[in-house]
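User: Could you walk me through reading the sheets and the ring contacts in this one? I'd like the general idea and then the case at hand.

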Amino acid sequence: MVKTSRLLLHNDLTVNSDKLRKAVVKLLLDVISVLVILGTVYLLFPVGISSNEDMYPFMREGDIAISYIFDRDYKTGDVVFFKDESGTHIGRIVAKGGDTIDINGDEKVYVNSYPLSEEVFYPTLPGDKEEIKGIIADNSYYLLCDHRTDCRDSRYYGTVPKERLLGRVFMVIRRRNI
């Protein structure tokens, strides 16, 4: 009888270790699946967190912006992520290839000789230049931040080529006071 109970105990341990092994494999597969899904979502919908007030009032410091990379038909007024040598930034498209831009001392932006119709509360000055005037190159965009008096945008670094745009922002999640 003692030999029989040892056999049962050994079989119970084998059964338990098989169950444990299957549970660990299932857990690992679940974790890998979640990581693949999150990675895919992150690649299709890049996420950025605002580190400053450059886009105030559209975005505040700490807000999360979610963009979409497959909509490459950018329009005037779109808020986009773009990349340059210093990192990833956000800005609003105010002019595109073929448009003329004119920013002078009257605190307005003129696109194709017409004042830009927008809801920006801050005056637009030409930055560190007396005047900005020119034609935007094809497949390039002129980007301005909404908080025009205290930011760095195309007035300082020039136009942004289309290939440096990372996606159009379609959702902003407010993180303040959470």
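**Sheets, then rings**

Analyst: Let's start with one pair of residues: Val 47 sits opposite Ile 66 of β2. Keep in mind that this is a predicted model.

User: Which strands does that pairing belong to, and how many bridges join them?

Analyst: β1 and β2 (residues 64-68) run antiparallel and are joined by 3 bridges. Zooming out, they belong to an open sheet of 7 strands with antiparallel pairing, in the order β1-β2-β11-β3-β4-β9-β10. β1 (47-49) and β10 (160-161) each have a single partner strand, so they stand at the edges with one side lacking a neighbour in the sheet.

User: What is the strand order in the open sheet of 4 strands?

Analyst: There the order is β7-β6-β5-β8, and the pairing is antiparallel. The edges are β7 (114-115) and β8 (132-135), each pairing on one side only. Further in, β5 (residues 100-103) and β6 (residues 109-111) pair antiparallel over 3 bridges, with Ile 101 opposite Val 111 of β6.

User: On to the rings. How many aromatic pairs are there?

Analyst: The count is 5 aromatic pairs. To classify a pair, look at the angle between the planes: over 60 degrees counts as edge-to-face. Phe 45 and Phe 170 have ring centres 5.9 Å apart and planes at 65°, so they form an edge-to-face pair. Phe 45 is in the loop between α1 (2-44) and β1, while Phe 170 is in strand β11 (residues 165-173), so the contact ties together parts 125 residues apart in sequence.

User: Are Phe 45 and Phe 170 buried or exposed?

Analyst: In between, as it happens. Phe 45 is partly exposed at 29% relative accessibility, and Phe 170 is partly exposed too, at 39%. Phe 82 and Tyr 157 make another aromatic pair, a tilted one, with 5.6 Å between centres and 45° between planes. That pair links distant parts of the chain, with Phe 82 in strand β3 (residues 79-84) and Tyr 157 in helix α2 (residues 154-157), 75 residues apart. Phe 82 is buried at 0% relative accessible area, whereas Tyr 157 is partly exposed at 28%.

User: Which residues form an aromatic cluster?

Analyst: One cluster is made up of Phe 45, Tyr 68 and Phe 170.

User: And which charges lie over the face of a ring?

Analyst: Here you check how far the charge is from the ring centre. Arg 92 lies over the face of Phe 58, 5.3 Å from the ring centre. Arg 152 lies over the face of Tyr 156, at 4.1 Å from the ring centre.

Terms used
Residues numbered from 1 in each chain as written. Predicted model: local features only at pLDDT ≥ 70, side-chain atom pairs only at ≥ 80, totals over all residues. Heavy atoms only, no water. Pairing = 2+ DSSP bridges. Helix = DSSP H or I, 4+ residues; strand = E, 2+ residues; numbered from the N terminus. Phe/Tyr/Trp six-rings, centres within 6.5 Å; stacked < 30°, edge-to-face > 60°. Buried < 20%, exposed > 50% of the residue type's maximum accessible area, 1.4 Å probe, protein only. Lys NZ or Arg CZ within 6 Å of the ring centre and 35° of its normal.
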